[in-house]
Amino acid sequence: MKKIIGIGLVLMLGFGTVSQAQTVKKVTHSVKKGAKKVGNKTAEVASKGKARVADQKLDNRTGPNNETIYVDGKSRYYWIDKKGKRHFVTEASLKTKIDN
């Protein structure tokens with residue numbers, strides 16, 4: 001009788017450990033995904049803040065997909081994506097901003 005109870009207890013603990021490991025993997029994935037999202041947003045805000053201080057913002061022109069356009073010290077046009085990266089564009093690809 002003791003052997004049956006012992007075997008049952010060992011099996012229950014074994015299944016509990018597997019279930020707990022799967023939960024840990026899910027939580028780890030969620031934390032990594034959240035941290036990446038927060039990091040991207042932080043980079044975007046920092047890049048846009050720096051651009052507003054250091055570079056000139058064009059009020060009458062937008063990017064190909066209606067992005068805010070900045071001009072750096074070397075007269076290069078660029079916009080900033082959701083990950084905080086600069087994307088340089090030519091003057092010919094800029095569109096005139098339409099005010100509503």
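The hairpin of β2 and β3 has five residues between its strands, and Ser 75 there takes a positive phi near 60 degrees. In this predicted model, β2 and β3 pair in the antiparallel sense over two bridges. Tyr 70 sits opposite Tyr 78 of β3.

A second hairpin follows, built from β3 and β4, again with five residues in between. Here Gly 84, in the turn, shows a positive phi of about 85 degrees. β3 and β4 (residues 86-89) run antiparallel too, joined by four bridges. Tyr 78 turns up once more: its bridge partner in β4 is Phe 88.

What about the side chains of β3? In a regular strand, side chains alternate between the two faces of the sheet. In β3, Tyr 77 and Trp 79 point one way, while Tyr 78 and Ile 80 point the other way, and all are buried. Tyr 77 keeps plenty of company beyond its sequence neighbours within four places: its contacts include Leu 58, Ile 69, Val 71, Val 89 and Leu 94. These contacts also take in His 87, Phe 88 and Glu 91.

Which residues make up the largest nonpolar core? There are seven: Leu 58, Ile 69, Val 71, Tyr 77, Trp 79, Val 89 and Leu 94. The elements that give two or more residues to this core are β2 (68-71) and β3 (77-80). In soluble globular proteins, nonpolar side chains do tend to be buried together.

Now to Thr 62, which belongs to strand β1 (residues 56-62). Is this residue buried or exposed? Thr 62 counts as buried because its relative accessibility is 7%, with the cut-off for buried set at under 20%. Leaving out neighbours within four places in sequence, Thr 62 touches Glu 67, Ile 69, Leu 94, Lys 95 and Lys 97.

Lys 97 lies in the segment after β5 (95-96). At 35% relative accessibility, Lys 97 counts as partly exposed. Lys 97 and Thr 62 are 35 residues apart in sequence, yet their C-alpha atoms are 5.7 Å apart in space. With neighbours within four places set aside, Lys 97 is in contact with Asp 59, Asn 60 and Arg 61 as well as Thr 62.

Stepping back to the whole protein, there are one helix and five strands, running α-β-β-β-β-β from the N terminus. Of its 100 residues, 19% count as buried. The protein exposes about 8,300 Å², and carbon and sulfur atoms supply 61% of that area. Among contacts with a separation of 6 or more, 41% come from residues 24 or more positions apart.

Methods:
Residues are numbered from 1 along each chain as its sequence is written. This is a predicted model: local features need pLDDT of at least 70, side-chain atom pairs count only at pLDDT 80 or more; totals for chains, interfaces and linings use all residues. Side-chain values use heavy atoms; hydrogens and water are left out. Buried means under 20% relative accessible area, exposed over 50%, partly exposed in between (1.4 Å probe, protein chains only). Contact means heavy atoms within 4.5 Å. Accessible areas come from the Shrake-Rupley method with a 1.4 Å probe; for residues, only the protein chains shown count as cover. A nonpolar core is a set of buried Ala, Val, Leu, Ile, Met, Phe, Trp, Tyr and Cys residues joined through side-chain atoms within 4.5 Å. Two strands pair if DSSP finds at least two bridges between them.
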